[in-house]
Each structure stands twice: as structure tokens, then as C-alpha cells.
Protein chains: 2
Amino acid sequence: MCGMDDASAAPPRRRQKTVSGERQATLRDVARAAGVSQATASRVLNGSIRNVRQENVDRVLAAAAELDYTPHLSAQAIARGSTNTAALVVSGVDDPYFSSIAGGVTEAAEAAGLIVTMAVADRSPERELQIVRTLRGMRPRAIILAGSRIDDPGTRDALAQELDAYREAGGSVVLISQHDLPFHTVSIDNYGGARQLARALVGLGYRRFAMVRAHVGLKTSRDRCDGFMDGLGEFNIDIEERFVVKAEFNRRGGSAAARELVRRGLDGTELVFAVNDVMAIGVMTAFRDAGLVPGQDVAVAGFDDIGPAVDVVPELTSVTVPLRRVGLHAMELALSDDHASRIVPVSTNVVLRGSTPRR
Amino acid sequence: MCGMDDASAAPPRRRQKTVSGERQATLRDVARAAGVSQATASRVLNGSIRNVRQENVDRVLAAAAELDYTPHLSAQAIARGSTNTAALVVSGVDDPYFSSIAGGVTEAAEAAGLIVTMAVADRSPERELQIVRTLRGMRPRAIILAGSRIDDPGTRDALAQELDAYREAGGSVVLISQHDLPFHTVSIDNYGGARQLARALVGLGYRRFAMVRAHVGLKTSRDRCDGFMDGLGEFNIDIEERFVVKAEFNRRGGSAAARELVRRGLDGTELVFAVNDVMAIGVMTAFRDAGLVPGQDVAVAGFDDIGPAVDVVPELTSVTVPLRRVGLHAMELALSDDHASRIVPVSTNVVLRGSTPRR
DNA sequence: CCCGCCTCGGAATGCGATTTCCGGACCTGA
DNA sequence: TCAGGTCCGGAAATCGCATTCCGAGGCGGG
């Protein structure tokens, strides 16, 4: 399954400037031009089961090419009762985290012959709710939510209800990573990855940590913090309150947090763990601006292992999350019309690099 | 390949009564539940000009909420004769260049109440053509092409014709950056920026250059090369053939090119100009892996000034392109129903950073 | 008090497709 | 030659919604 339209597959496209102007050619136009009925034209153009005499096939195809006909997808959707779109909701496109996921999703979607429509929720729960509401109107085959949404009980319930109504009507819903709602979920092991990371870092000889995290309501951030803390806990290591700083979940936030840490006084802190790579990179840059050499004066670790992690100096220690594959899985899950809500776990993997040298 | 044949042939069955539950509520259902006619319900729900008695308004609204009604966008599109979607075609989502543009586009689109559907062409002209064809079927208000497409005369004409037919039918087309086709265009001054960059670098004392470029057919790359060459030409500086290497238009390509340069022998080359930042970053990393310190042993400059440019060490000298704004402009252009094809120039701006210290 | 105007609800029509249903042509075997 | 089956084309019904058109009341002015 895939491909877009069979019309283009059959005849070499003819170039002929449409004189008509204004209106797109409709199926009726094609039928008339070919001297057949609409039904026949439809049968030819959508590759229906029924056969049409070869002569008519040719005439319809020719007419369609001549008129530059493109089937009206909305009309098809209405007539067929189903569309071939999938909807993707992300928190932001600029963020490599989401664009990697989006890459996977679109790849899988196009392989399945689906068109993907994308919306950006900007980490606002209300916005996300509104988006889902609108998207539902398109009657997509699936809605994939990739947002690291802030957990607000009120809008969360509203969202759940909205999604439920959608699924009830035959759509499929896939959540990525952190939603604890009863839908298909691609679950990223944030807690486990962070915990492993903590262990590995202690193994390298680190003992005194600081942490850069996001808003408490952001589940992804929370899980990673908890995992990291618990990992340290295994060695009876704790992080003092003053070495935990909250910031925006992006590069700027990371920089701001690092400056704040410097202001408060690093006081022998050996390593800063930022809950995602973009923040970690922000931290490194801010440290350098403050005259500290990352990896040397103070180690830094992140989470996600986005592409740029290996472009910074020193290369960033992180936890690999196969984001592209997460997107692929999400789409597969969406397409498998499995009615029970399944959870596909995606494991994470610590990668130690130059930003956390052995002590 | 994969014709859509499968997709359309797959569900021959008529409207399915979903095992689990009900259809989506339709306007008729709402009207019935509210005890009014469909017309009245429609008038209430889409905010028509005509007034409806308050009592009926309330009843319709209540019924709609009760039934979890969402208007069927396709049906609306058909009835109204116009949709509220905009289509965006990019070469790849992972690339920060495109995701920045996409960010601008979606921002502007959502501000205008449009839903954006995105497709990825993977730098394949045929794929792009096919995508445009499919997208046209959605009858979007606008199609924005942001791909740095490879210039292949054949498919380019086909694309032009396709776009022309679309515009003829009332849609608006916006090209970003490098298409020399008669449509609205947001034009990035690649040539001028590169030329300025060359001048600035010579000003810093550089005399011996190497260049990392993409496939000749990629206009963006070509323009930047030409600009850079001409800029050097002003000072009677030339680049030997063996110091110009072609590579893929991405990070991997940059690394590969750098390795190739090292293999050929740098021979006193002072600075490597890569035609975009992701390649430049790849170049820096590869140099470092080869034991060369970027900015010290050999300077590096890029183009685009994407976010990560300031996260690498040393910070990358580049040419700023306001990508997000490019996206915004594109959308504005798309929405302004100006029938003459306009060109909105976007200027670029050299930023010198640590990767090109004064010699 | 009557008549026209204004307001508002409902039936009908149309949008661009798909699909069902029916009927005519052709084929085949008896 | 005729009955029965197969093949294929066309008329028409839908799909979910917007909108036009028409008619029924309510209202105020003459």
C-alpha cells in the first residue's frame, strides 16, 4: 500500500495548458470529455474491481491527462467514508527531538500512502486540546500525539475524552512517550535510561552532581529526574536542593540554568545532568562563556542523543533514544487496527562520550 | 512505487458500523437531537450571518456538546468549495534548515486558522512532483515549496505545469529560495551573502581556500559557490579544482568531504567554506577526528546560521538567513491573493565567529 | 384593521466523488 | 432459437454539510 495516484502511473503526462481557467476539472468533466458516464470514469480512475472495456479506459485516461484532472480528496473522503490522512501533533518543529520523530512518522506514513498533517502545540495543553478538536474534523485515520505535554489534570481529562470519542468513531490514537492515558503508546524508557546513566556516571568516578530540569508538570522531565535520582540513590548519593535548577525545556533554558548554577556557586560540583540534550548543549555553551571548560572543569550529560550531540566539543554523553524509530513505531501502531490499547516499549541506551571523562 | 491502488482497493465495504460503537455524530444527528432542522443547526454551529432564536441556539449547542459533534471538514470543504489547509513540501524534516522554515510556516498558518499538511520530498524531483500532484487533490489554499530541489529540466517542466494548473484553478503557489519559476517567491540572497562572506574572509587575512559544495544541480549550492568565487575574484583569488569537493547536502556529506580533502592533502589551505552549516559542522567534526583543530589549524565557514552553529567549538562563522521569517513571509505571500507573481527578497548577513579568527 | 416588512425555520438543492442497481449486449449450451 | 449467465455502461442514490429559496409568523405604520 502506498503510492499516490494511479492516474500518474499509467500514461506519460501530457502537457497542454488548460485554457479554461478558474475551475479545477471534475470527474464529470472528464467523463464528458471521454464520452462516458461518471461511473465509468470513476471506475477507471480509482482502479475499482470492476472491469472497463480497454477502449474506454484509454479514452478516460487520455481525457484526464488532457484536463489535468486531480481527484478531489475531500469528495473522495466523503463518498468513501474514510480519508487517507494521518495527523501528528508535536510541541515544536524546531526541536530536533520532535523533528526526528516527525521524520519517522512521515516516512512510515508515506510508505503507507498517507498524507500527514502536522500541528504545533507549543507546549500548551489548551492549544493541544484545541488542535485535537480541529484535527478530528479531518477524520484522519490516526492521530499521533508526540507532545511532552504539561500535566494539567483539567485539560488532560478533556483531552482524554476528546480522544476517546475519536477512537470510538473508528480512529486510532497513538501517544508517544509520556501520556498515561489508555491509548496505544510508544513508551520511551526515560526512567530506566536516566537511572542507567546515573550508575554509569558514578562508575566513572563522579560523586557530586547538579541537575537541570524542566517544569515539574512535564512528565518526561520528571521521569528522567526520578530515574537519575534513584540511580544515584543506589550509591547513597543525593543532590542538594540548591543544585537542582528548573528552566525552560529548550536550549535557552539550559543556558539560563547554567548561568544560575554559576551564580549560586558550583561549589565542587563535578557533573551537571540536563534532562535533555538541547538543554545540555545550552549548559555547555553557557559554561564556556563563563570561562569553564566543559568536560574538564565540569562534566555535562544530557538525554536523547540527538544528532548535534556529537558535533559539540567535547562530544556529549547522553542516553540514546531511537527517535526516528519511535516515529515509525507510532505509525505502525496507528495502522494496526488492534483494538486493545497496546504499549510498545522503546529501550534507551547510555553512551559515554568526552563530556564526561573518567575521573 | 506502491500504487495507491491497494489503498483504494482495500476497503470496498460500505460504511462500517464499528463493532465498538457509534459513528461520528453528523450535523443531522445534532439537528434531530435538538429538535430543529439541519439548516438551523448549521447556522448555529458555523456562525452564519443569519440570526437564530436564542432558545434554538442553546439547544443546538447543547446537543452538539452532548454528541461530541465535530464538523466534517471534508464535507465542509465540498459544500463551501474551499478548504482551510495549506500544504508545505520540504526536502527533509530532520534538517534544521527546513524545520526552521516549517516552524515559521506553521506559526503563520495557525495564526490564519489554517491546517498545514507537510510532505517530505527527500531531494527527489520525481517524488516532489508526485507529492504536488497528490497535494493538489486536497485543494489547499496554498502550496509552499521549500525544497532545495535538484534542477532536472524534465521534471522541472512537469512540476511547473502542475503548479500552473493548480494556480489556474485558484490556488496560490509560493516557492522558497531557489526556484526560477514564475510564481510567488521568497528569495534568499544566496549569491550576495556568499560574496559578502568571501570579502569578509579575505578581509580577515585568508588567501587560500577550499570549498565543500553539493551536487551541481542544486541551485542553492550553485549560487553560494558562485557568489563565493566571485567574491574571491574581486581580490584575484581563485580556488584550485582539487580543493573543491562535492558531497551530499548534509552532515555526513560534510564529513566525507573533509576526509577527502585531508586525503588529497590540505597543502596550506587556510579556510574551508562549506555551502551550508550542517555540512560545515560535519567538516569540523571530521577535521577534529583527523587531528586538526578547527579554527586553529584550518578555519571553517558555513552558511545559514542555524541554531547549532553557536554550539560548536569554535563557534561557526556563517551567513545568517532568517529562516523562521522566511517561513512567515512565505505564508503571508500565499495568503495575499496577489495575482501577479511577486518576489520577496530576504537579505542575508555575514556573522564572523571563532571558526575564522583573524590571521 | 390591514398590509408590507422583517425575522427566522425548514425543505430543497448542490458540491464532487463512489457505489448500487438495473438493463442491454454478448456468449454459450441445449 | 431460446434460456441463462457474464460483462459492462449508465442512471441514480448517497455521503455530510452549506446555502438558497420559500413560507409562516410577529411587528409596526398608515
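Which residues come nearest to DNA strand C? Hi everyone, let me take that one straight away. This is a predicted model, and in it 29 residues sit around DNA strand C, with A:Leu27, A:Ser42, B:Ser37, B:Arg50 and B:Ile78 coming nearest. If you look at the DNA side of that surface, sugar and phosphate make up 56% of the strand C atoms that come within 4 Å of the protein.

Let me show you some polar contacts. On chain A, a polar side-chain atom of A:Ser42 is 2.5 Å from a phosphate oxygen of DNA strand C, and A:Ser42 is also one of the residues that come nearest to the strand. On chain B, the backbone takes part: an N or O backbone atom of B:Arg53 lies 3.0 Å from a phosphate oxygen of DNA strand C. B:Arg43 goes to a base instead, with a polar side-chain atom 2.9 Å from a base nitrogen of DNA strand C.

Where does this surface come from? Helix 3 (38-45) and helix 5 (73-80) of chain A, along with helix 3 (38-45) and helix 5 (73-80) of chain B, are the elements that each give two or more residues to it. Helix 5 of chain A gives the most, with five residues. Sorted by class, the surface near DNA strand C holds 12 nonpolar, 10 polar and seven charged residues.

Now, on to some helix packing, starting in chain A. The axes of helix 2 (residues 27-34) and helix 4 (residues 54-67) of chain A come within 8 Å and cross at roughly 125°, which means that helix 2 of chain A is oblique to helix 4 of chain A. Their crossing is right-handed. From helix 2 of chain A, the residues in contact are A:Asp29, A:Val30, A:Ala33 and A:Ala34, and they meet A:Arg59, A:Val60, A:Ala63, A:Ala64 and A:Leu67 of helix 4. By class, that contact has seven nonpolar, no polar and two charged residues.

Over in chain B, I picked helix 7 (residues 125-136) and helix 8 (residues 153-168), which pack at about 15° with axes 10 Å apart. Helix 7 and helix 8 of chain B are therefore roughly parallel to each other, and their crossing is left-handed. Among the residues that meet here are B:Leu129, B:Val132 and B:Arg133 from helix 7 of chain B, and B:Leu159, B:Glu162 and B:Tyr166 from helix 8 of chain B. The residues of this contact divide into eight nonpolar, one polar and five charged.

That's my tour, thanks for listening!

Methods
Residues numbered from 1 in each chain as written. Chains lettered and ligands numbered in written order. Predicted model: local features only at pLDDT ≥ 70, side-chain atom pairs only at ≥ 80, totals over all residues. Heavy atoms only, no water. Near = heavy atom within 4 Å. Polar contact = N/O pair within 3.5 Å; in protein donor to acceptor, adjacent residues only side chain to side chain. Helix = DSSP H or I, 4+ residues; strand = E, 2+ residues; numbered from the N terminus. Nonpolar A, V, L, I, M, F, W, Y, C, P; charged D, E, K, R; others polar. Axes fitted to C-alpha atoms, helices over the stretch in contact; angles between N-to-C directions. Parallel < 35°, antiparallel > 145°, perpendicular 65-115°, else oblique. Left-handed = near helix turned anticlockwise from the far one by under 90°. Contact = heavy atoms within 4.5 Å.
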